[in-house]
Amino acid sequence: MSARNGTRRAGRRTGGLLTGGLLTAALVGLTGCSDGTDSTEADDKPTASSASTARPTPTPTAAQDTSAAQSSPEEAVAAWVTAVVKGDAEQACLLMAEAGTGSSPAVIGSAETCADDSAQGKQIKQSVGQFKESFTPDPPTADPKVEVTEATPTGDKATYPADKISIDGQTLADVIVSNSTGLKPDQLNVSVESSKLNDAWYVTNMDFDIG
């Protein structure tokens, strides 16, 4: 499914990043191929500092070792966006998690569940491949530089609007709009949530509202 298929009004939260296949569902709504008409608003965003405080993307040494990219929520989000733009589904999966709710424990991407030949790995690979199309700036580069403006976490969570995430000097919001047809900047409300689990930061949700 192309990001250039136009847009329709959609709003939803992509809870279940690892187990529900909702990265794909999120992209479907984002690129206007969804028939959904719900309009869930994005969570309140923490106050971000000026762009001058943006942190450069750390580069993990291997797909199985993301610890260097998870010492802060900004680093986790930057590393995840970088992996998506590079089409590195395994790396993106390892940086994703679902926070526990009630009696349900947290679910964190692992080498086993994120492997290319696992059912979940195949699902994530498809989803990341679709997100890559919407997240890749023009012109694309082999080593994208992703920066995330620092925000003050609320407890063990922090949320970053798409206009506070930049890829090679372009905001994620602008990149998504440029890769869509008929979508105007004021119609897009996207944010990425990072949560601290087991002393490391992961991408746990993406909120978006279009229309």
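**A hairpin, a core and a capped helix in a predicted model**

Strands β9 and β10 form a hairpin with two residues between them, and Asn198 in the turn has a positive phi of about 55°. The model described here is predicted. The two strands of the hairpin, of which β9 spans residues 188–197, pair in the antiparallel sense over 10 bridges. One of the residues bridged in this way is Leu188, whose partner in β10 is Ile210. Strand β10 covers residues 200–210, and because 11 of its 11 residues are buried, the strand is largely enclosed by the rest of the structure.

The loop between β9 and β10 also holds Asp199. Asp199 is not a glycine, yet its phi is positive, at about 65°. With a relative accessible area of 71%, this aspartate is exposed. A further case is Asp168, a residue other than glycine with a positive phi near 50°. Asp168 sits in the loop between β7 (165–167) and β8 (170–171), and its relative accessibility of 29% places it in the partly exposed class. For context, most residues other than glycine have a negative phi, and most peptide bonds are trans. An exception on the peptide side is the bond joining Asp138 and Pro139, which is cis with an omega of about 5°. Pro139 belongs to the loop that runs between α4 and β5 (146–148).

Turning to the interior, the largest nonpolar core has 40 residues, and the members that touch the most others are Val77, Trp80, Val81, Phe135, Ile165 and Leu188. Helix α2 (residues 73–86) supplies the largest share of this core, with eight residues. Leu188 thus appears both among these core members and as the bridge partner of Ile210 in the hairpin. For Ile165, the contacts beyond four places in sequence include Val77 and Val81. The other residues that Ile165 touches on this count are Val146, Glu147, Val148, Tyr160, Gln170, Thr171, Leu172 and Val192.

Helix α4 (residues 119–135) offers a friendly check on geometry: its 17 residues reach 24 Å from first C-alpha to last, close to the 24 Å expected at 1.5 Å a residue. The buried residues of α4 are Gln120, Gly121, Ile124, Ser127, Val128, Gln130, Phe131, Ser134 and Phe135. Of these, Phe135 has already been met among the core members that touch the most others.

The start of α4 deserves a closer look. Here a side-chain oxygen of Ser118 comes to within 2.9 Å of the backbone nitrogen of Gly121. Ser118 itself lies in the loop between β4 (107–108) and α4, and it counts as buried at 15% relative accessibility. A polar atom of the Ser118 side chain also lies 2.8 Å from the backbone oxygen of Thr113. Apart from neighbours within four places in sequence, Ser118 is in contact with Glu112 and Thr113.

At the level of the chain, there are five helices and 10 strands. Of the 211 residues, 52% are buried. Among contacts between residues at least 6 apart in sequence, 71% join residues at least 24 apart. The chain exposes about 9,400 Å², and carbon and sulfur atoms supply 47% of that area.

How values were computed: Residues numbered from 1 in each chain as written. Predicted model: local features only at pLDDT ≥ 70, side-chain atom pairs only at ≥ 80, totals over all residues. Heavy atoms only, no water. Core = buried A, V, L, I, M, F, W, Y, C linked by side-chain atoms within 4.5 Å. Buried < 20%, exposed > 50% of the residue type's maximum accessible area, 1.4 Å probe, protein only. Helix = DSSP H or I, 4+ residues; strand = E, 2+ residues; numbered from the N terminus. Contact = heavy atoms within 4.5 Å. Pairing = 2+ DSSP bridges. Expected span 1.5 Å × (residues − 1). Polar contact = N/O pair within 3.5 Å; in protein donor to acceptor, adjacent residues only side chain to side chain. Areas by Shrake-Rupley, 256 points an atom, 1.4 Å probe, with all protein chains shown as cover.
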